[in-house]
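Student: I'd like to go through this one and check where the labels come from. Could you show it to me first?

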Amino acid sequence: MLLEVEDLAGGYGAARVLHGVTLAAARGAVTALLGANGAGKTTLMRTLAGLLPAAGGAIRFAGAEVTALPAAARVERGIALVPEGRLVFPALSVAENLRLGAIAPRARAGWRTRADEMYALFPRLRERARQPAGALSGGEQQMLAIARGLMSRPDLVLLDEPTLGLAPAMVRVVFDTIERMRALGLAVLLAEQDVRRALQAADAAYVIEHGRVIAAGRGADLAADARVRRAYFGVD
Amino acid sequence: MLETLAAGQLLFAALALGALYALVALGLNLVYGTMRLLNVAHGDLVMLGGYATYWAFAAAGIPPLAAVLLTASGGAALGAGAYRGLFRRLLAAPRATARIEANSLLAFFGLSVIVQNLAALAFTATPRGYEYLSGVVRIGEVAVTGGRLAAVALALALCAAVLAFLRRHVLGLAMRALVEQREAAAVVGVDIDRAQRASFVLGFGTAAVAGTLLSMTEQVSPFMGFPITIAAFVVVIMGGLGRIEGTLAAAFLLGAIETYGVALTSPTYRSILVYGLFVTVLLVRPQGLLGRRAIVR
């Protein structure tokens, strides 16, 4: 497994959100994180990326312990977060945002070629390359956030609510992109509110509640799981 | 009157003042932008650079244009030392960070008073100056001393270099990312510690160099820093906090307003002009003349 998380605890200072999360994500596979708002998905993503400190447990990536590494060092190892709310650099141009995506030493060589690949993947970004990122629509900003994440040549992409508030056409683009990442052999950890779609796209899934994993399995199995059906589909 | 205003001499004076303000304010805004620390002692670095240049010339015979290298590296070293010794440890703890941001004004103000009085103790309050490149050069109708011309040219070149560094260099880009969106900078893998140190090094270094350049045209004194700090504040507020291009534009605007304002009235009104502008901008456009509110979707 590329990513192995064991009994991870964390949160914001004294406010503990994660109470021992154990999960794994493999190369060339989409792993979905399901759970209601406030279940701890975003906290988990941010702790994995190194934006929040772990209060206990371990994060292993590519066989090495990364639990205590700062965020920049994790990007350098190959972990890219596409954060909830996109967090683009609003006053910088689209092109500069992409350039910054490749600021980790591992990604600096050949960043121009990779930027061209991103423009090919998301033609809208090429049209708007010179505009400030803050002037883009929500969907375009999401494309930019994903492209910026891919600029770092990651092995693991943490996608936190990438379709939140997007129009259906944009949602399709996002899921097509996820499919493409899997085909390229990347590990994708996907926190997604659209449970039906997430389970369709996922090879494996974890259900998180109150900072704990309460169910795990293959996507198709979980879709049939009574607890998941009750919680998310409103059917028995 | 109109003839005076149209004169090239005045235009050059405005440009010279603007270039100096730009150099000083850029550093102030970088340190603020990357770390949210308002360095009220920034002008005192200019003073220290001025004295270093004076003594290097008076005691060791080092010409001011060579002393630039000395003050640049001295200022940079001071910046690295201040960052390492004082702020890195304090900024590492999130709870201390909030306190530091709130108290940075007071802390720096205290530091400023100490530095000023130590300088007065060490160098006496008597203003000091030297003769260097004092021959007059004529460019068209503008007559200017060689020292002043060199100082302005160097200030402009340095501003351009800093701007190019921030636009092109990886570290400059990292610093702008930090200014723009601290959390996103961490997300893309900016080495935050390194970028913060770089902003201290660059900010302190440019301020010290500004002191060298200023000493080439004016006398230095222990308390010369405070008005420079205030002018730099006005520039930063006008240009927008954390906005690099805005700072440059605002510096030349303030240089022009001050120069032409004083020419139209009298030097007595300088402070009223500068502070008046400061208060007006704060009241009317707190986000800066060229600043804009962040667009959040």
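Tutor: Here are some questions about helix packing, a sheet and a chain contact, all in a predicted model.

Student: Why are α2(B) and α11(B) called oblique to each other?

Tutor: Helix α2 (residues 8–35) of chain B and helix α11 (residues 244–264) of chain B pack at an angle of about 140 degrees. Roughly antiparallel needs an angle over 145, and roughly perpendicular covers 65 to 115. The angle fits neither class, so α2(B) and α11(B) count as oblique. Their axes are 7 Å apart, and α2(B) passes α11(B) in a right-handed crossing.

Student: What makes up the contact of α2(B) with α11(B), by residue class?

Tutor: It divides into 17 nonpolar, 5 polar and 1 charged. Among the residues on the α2(B) side are Leu10(B), Ala14(B), Tyr21(B) and Asn29(B), and the α11(B) side includes Leu248(B), Phe252(B), Glu258(B) and Tyr260(B). Glu counts as charged and Asn as polar, while Leu, Ala, Phe and Tyr count as nonpolar.

Student: Over to chain A. What makes β6 and β10 of chain A the edges of the sheet?

Tutor: The order is β6-β7-β8-β3-β9-β10 (chain A), 6 strands in an open sheet with mixed pairing. β6 (79–82) and β10 (212–218) of chain A each have a single partner strand, so one side of each lacks a neighbour in the sheet. Direction ignored, neighbouring strands are turned by 15 degrees against each other on average.

Student: How do you know that β7 and β8 of chain A really pair?

Tutor: Pairing takes at least two bridges. Strand β7 (residues 156–160) of chain A and strand β8 (residues 187–191) of chain A are joined by 5 bridges and run parallel, so they pass that cut-off. As for who faces whom, Asp160(A) is opposite Ala191(A) in β8(A).

Student: Which helices go with that sheet?

Tutor: Helix α1 (residues 41–49) of chain A packs on the sheet, touching β3, β6, β7, β8 and β9 of chain A, and its direction makes about 150 degrees with that of β7(A). Helix α8 (residues 168–183) of chain A lies across β3, β7 and β8 of chain A, at about 150 degrees to β8(A).

Student: And how many residues of each chain are in contact with the other chain?

Tutor: 18 residues of chain B are in contact with 26 residues of chain A. On the chain B side, α7(B) gives the most, with 6 residues. By class, that side has 11 nonpolar, 2 polar and 5 charged residues.

Key: Residues numbered from 1 in each chain as written. Chains lettered and ligands numbered in written order. Predicted model: local features only at pLDDT ≥ 70, side-chain atom pairs only at ≥ 80, totals over all residues. Contact = placed C-beta atoms within 7 Å. Helix = DSSP H or I, 4+ residues; strand = E, 2+ residues; numbered from the N terminus. Axes fitted to C-alpha atoms, helices over the stretch in contact; angles between N-to-C directions. Parallel < 35°, antiparallel > 145°, perpendicular 65-115°, else oblique. Left-handed = near helix turned anticlockwise from the far one by under 90°.
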